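The following exercises ask the reader to work from the overall fold down to individual strand pairings. Each task is followed by a solution in steps.

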Amino acid sequence: MKKIIIIITIVFFSACKRQSAIPIEETKYSIKPVTNTKDSIEGVYNALIDSNNTDDCTLAIELVKTKNGYHFSLKTNARNIQGKAKFVSNGPEEKYIVLEDIPWDEYEGDISNEDDTITRNVDIPKGIDFLYKNDTLTLQNYGNAMNYYTKLGECGAKYIQLVKK
């Protein structure tokens, strides 16, 4: 048994000392990391058409990054708006694009603790935020009875998904 261990050890060490059959030469070239020249969020996004929804909502957004930040062009069947967009990240899984300065169509705020007889004056928020994930933008277009709002009145769907072309 000792002889077998000694033979295996000798074979192992002699194999380690052998030279490579292919000579290795140094070159003057180096490998540089590939950098993407275009942001992955840039592009044209079109709304998915839901066959269950009879709402006629045509919605397209183009996002472009310039030296001054992100810019957008939003087109619906009722409006055509350009402006600044802000890219916000709330961690690795939550990324948002906010189309700045677009006023919501309706907003009553949190009405869960309000008396129905009180008349409220609330400021209409500005800025429409889209969740960004896997080349898809998702918008929650309206709230509920406790938090009533509508962001894009020309689109009746509660959730609107736009997919990058």
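**Exercise 1.** What percentage of the contacts in the protein with a separation of 6 or more is accounted for by residues 24 or more positions apart?

Solution. Begin with the kind of model at hand, which is a predicted one. Next, restrict the count to contacts with a separation of 6 or more; residues 24 or more positions apart account for 48% of these. For the surface, the protein exposes about 12600 Å², of which carbon and sulfur atoms supply 53%, while 24% of its 165 residues count as buried.

**Exercise 2.** Determine the order of the secondary structure elements, and then state how the strands are arranged in the barrel.

Solution. The inventory comes first: the protein has one helix and 10 strands. Reading from the N terminus, the elements follow the order α-β-β-β-β-β-β-β-β-β-β. The pairing is then traced from strand to strand, and eight strands are found to close into a barrel in the order β1-β2-β3-β4-β5-β7-β8-β10, with antiparallel pairing. Within this sheet, neighbouring strands are turned against each other by 30 degrees on average, direction ignored. As a general background to this step, strands of a sheet pair through backbone hydrogen bonds, either parallel or antiparallel.

**Exercise 3.** Describe how β3 is joined to β2 and to β4, and give residue pairs that stand opposite each other.

Solution. Take β2 and β3 to start with: they run antiparallel and are joined by eight bridges, and the hairpin that connects them passes through two residues. One of the pairs here is formed by alanine 60 and its bridge partner in β3, lysine 75. Turning to the other pairing, strand β3 (residues 69-76) and strand β4 (residues 80-89) are also antiparallel and are joined by six bridges; their hairpin has three residues between the two strands. Among the pairs in this case, tyrosine 70 stands opposite alanine 85 in β4, and histidine 71 stands opposite lysine 84 in β4.

**Exercise 4.** Where is threonine 58 placed, and why does it count as partly exposed rather than buried or exposed?

Solution. Locate the residue first: threonine 58 lies in the loop between β1 (43-47) and β2 (59-66). Its relative accessible area is 48%. Because buried means under 20% and exposed means over 50%, threonine 58, at 48%, is partly exposed. Finally, consider its surroundings: leaving aside residues up to four places away in sequence, threonine 58 touches Lys75, Thr76 and Asn77, and its C-alpha atom is separated by 9.2 Å from that of leucine 48, 10 residues apart along the chain.

Conventions
Residues are numbered from 1 along each chain as its sequence is written. This is a predicted model: local features need pLDDT of at least 70, side-chain atom pairs count only at pLDDT 80 or more; totals for chains, interfaces and linings use all residues. Side-chain values use heavy atoms; hydrogens and water are left out. Helices (H or I, at least four residues) and strands (E, at least two) are DSSP runs, numbered from the N terminus. Buried means under 20% relative accessible area, exposed over 50%, partly exposed in between (1.4 Å probe, protein chains only). Contact means heavy atoms within 4.5 Å. Accessible areas come from the Shrake-Rupley method with a 1.4 Å probe; for residues, only the protein chains shown count as cover. Two strands pair if DSSP finds at least two bridges between them. Axes are lines fitted to C-alpha atoms, for helices over the stretch in contact, and angles run from 0 to 180 degrees between N-to-C directions.
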